[in-house]
Amino acid sequence: MKLIFERSKPGRRAAAIPKPDLPIPEVPEDLRRRKPPRLPELAEPEIVRHFTALADRTFGVDTGFYPLGSCTMKHNPRVNERVVSLPGFRDLHPLQEEEGSQGALELMWRLQEILAEVCGLDAVSLQPAAGSQGELTGLMLMRAYFADRGEADRRRTVITADTAHGTNPASVTMAGFDLQKVETDARGNLDLDDLRAKVNEETAGLMLTNPSTLGLFDEHIEEVAAIFHDAGALLYYDGANLNAVCGISRPGDMGFDIVHINLHKTFSQPHGGGGPGGGPIAVRDILEPFLPVPAVVRADERFRLDYDRPKSIGKVRGFGGPFGVFVRSYAFIRAYGPALREMSEVAVLNANYMLARLRNAYELPFDRHCMHEFVLSARALKREHGITALDVAKRLMDYRFHPPTIYFPLIVPEALMIEPTETEPKETLDAFCDAMLEIARDAAKNSKLLKDAPHHRPVRRLDEVKAAKRAIVRYQFDEHPDLGGDASEGEAVEAQKGA
């Protein structure tokens, strides 16, 4: 497929802009172009065809199964798009006065109330723009809480699991805390002995995903909470995996004090390509005074923005947050109503069904029932046939499936992290499992087939080391770089691994 610059022909135009009968201002000499900008020149049909062809090559949840572990890539109901396009929501200006935005404020307030109930906590702020910003906001609340108690200088350490999402340690560092990791035991739970040895009077809190990125619910979560609370520390719940427990168990009841919720994952929002997203924070009552301002509050059947919060950490995002995400998520939740737990029950059922079908063809690091996702290992395939998790992922593309997350969690060698969500039918789950089983058989019979995959995609197997070391991110017209030679510069470099 040609790039748009390669399709360009001098003099072609999509449209002609009228030239106004106005004097042309004199441009200072030092600001004048020496030659016209090198922009592509095409007729409108060619432009439309080019970008349509690019769109046809784009894989998304609307075009196929997307079992990307821990990312919860579920179907986004189209009714949500109609609701968010209602003029009163779509055309609302963020600086609209409160009297003219009562509907939007009521929706935000009701969403806050729902999320507080789902989490089993007392108050919610919708401001954070994504889960990562929700994490940072939660840790800022933790700092403000201990500063208010005169303990900020002493409470310097936050503990994370060795299976944590990569954003957890990054957020801890950005918030100014010191990081400690706790090990995972043989059952896939936090190692309680390691945990007790690390929790002391300097501990500010724990950041934990439950179920974890292994897809396992921690069997000792109440004891974990007691260890931290007895030391005067707080518990932070990474809500990336909330899709497993909605309506079944609540983080607040487990003992967590702070929760961020990935609205775009659990409660449906298109989030490919880095956004948009939403990461509201839910907190216990002792942390409510520190929530960002303004708070959306209800008074005498009216709704308003409350800035009178003297202990607040301030704003973490402009205006009230990603409002379109709120509308979609609210519509999604109201569509389920009291049956919201069925969402999680079906997600867990789907994951366990797939695990049962695949467990004998791939290694199972922790032999337990999973929650909404599960982790397999291609370690045996690598040991016996030289086939890696990357090879499995590339071969899946030939079956028109998006590969699952690979090489994460980091504690599982050759990890394959699979999340079907609740929105996929049994036929799709079976087709994916059939492909995975056939790939495992091909690993023994014809490993080269996997090593050269994908075979039927517009782009074949890339040299990932060379692509990383010699990235070309712009069209260079006649200046084509030399891509020959050894990208590793004499060293044996392994392709990057990670989620």
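How many aromatic pairs does the structure hold? I looked this up and found 13. Rings of Phe, Tyr and Trp (its six-membered ring) pair if their centres lie within 6.5 Å; planes under 30 degrees apart are stacked, over 60 edge-to-face, and the rest tilted.

**Entry 1: ground rules**

I am working with a predicted model, where local features need pLDDT of at least 70 and side-chain atom pairs count only at pLDDT 80 or more, while totals for chains, interfaces and linings use all residues. Residues are numbered from 1 along each chain as its sequence is written, and side-chain values use heavy atoms, with hydrogens and water left out.

**Entry 2: aromatic rings**

I took the pair of Phe-5 and Phe-477 after the total of 13 aromatic pairs. Phe-5 and Phe-477 meet edge-to-face, at 5.3 Å centre to centre and 75° between the planes. The two lie 472 residues apart: Phe-5 is in helix H1 (residues 4-7), and Phe-477 is in the segment after helix H18 (464-469). Helices (H or I, at least four residues) and strands (E, at least two) are DSSP runs, numbered from the N terminus.

I checked accessibility too. Buried means under 20% relative accessible area, exposed over 50%, and partly exposed in between (1.4 Å probe, protein chains only). Phe-5 is partly exposed because its relative accessibility is 29%. Phe-477 has 21%, so Phe-477 is partly exposed as well.

Next I looked at Tyr-145 and Phe-146, an edge-to-face pair at 5.1 Å centre to centre and 70° between the planes. Tyr-145 is buried at 11%. Phe-146 is buried at 1%.

Back to Phe-477: ring pairs link Phe-5, Tyr-475 and Phe-477 into a cluster. The charged end of Arg-38 sits over the ring of Phe-477, 3.8 Å from its centre. A charge sits over a ring if NZ of Lys or CZ of Arg is within 6 Å of the ring centre and within 35 degrees of the ring normal.

**Entry 3: the sheet**

In what order do the seven strands of the open sheet run? I read E1-E7-E6-E5-E4-E2-E3, with mixed pairing. Strand E1 (123-125) and strand E3 (178-182) are the edges, each pairing on one side only. Two strands pair if DSSP finds at least two bridges between them. Strand E2 (residues 157-161) and strand E4 (residues 203-208) run parallel, joined by four bridges. Ile-159 has Leu-206 in E4 as its bridge partner.

**Entry 4: Ser-344**

Is Ser-344 buried or exposed? I found it buried, because its relative accessible area is 0%. Ser-344 belongs to helix H13 (residues 340-358). Its side chain reaches the backbone nitrogen of Cys-246 at 3.0 Å. Leaving out residues up to four places away in sequence, Ser-344 touches Leu-242, Asn-243, Ala-244, Val-245, Cys-246 and Ile-248. Contact means heavy atoms within 4.5 Å.

**Entry 5: Glu-419**

Where is Glu-419 found? I located Glu-419 in the loop between strand E12 (415-418) and helix H16 (426-445). Glu-419 counts as buried, at 1% relative accessibility. The side chain of Glu-419 reaches the backbone nitrogen of Ser-70 at 3.0 Å. The same side chain makes a polar contact with that of Thr-72 (2.9 Å). A polar contact is a pair of N or O atoms within 3.5 Å; within protein, one must be able to donate a hydrogen and the other to accept it, and residues adjacent in sequence count only if both atoms are side-chain atoms.
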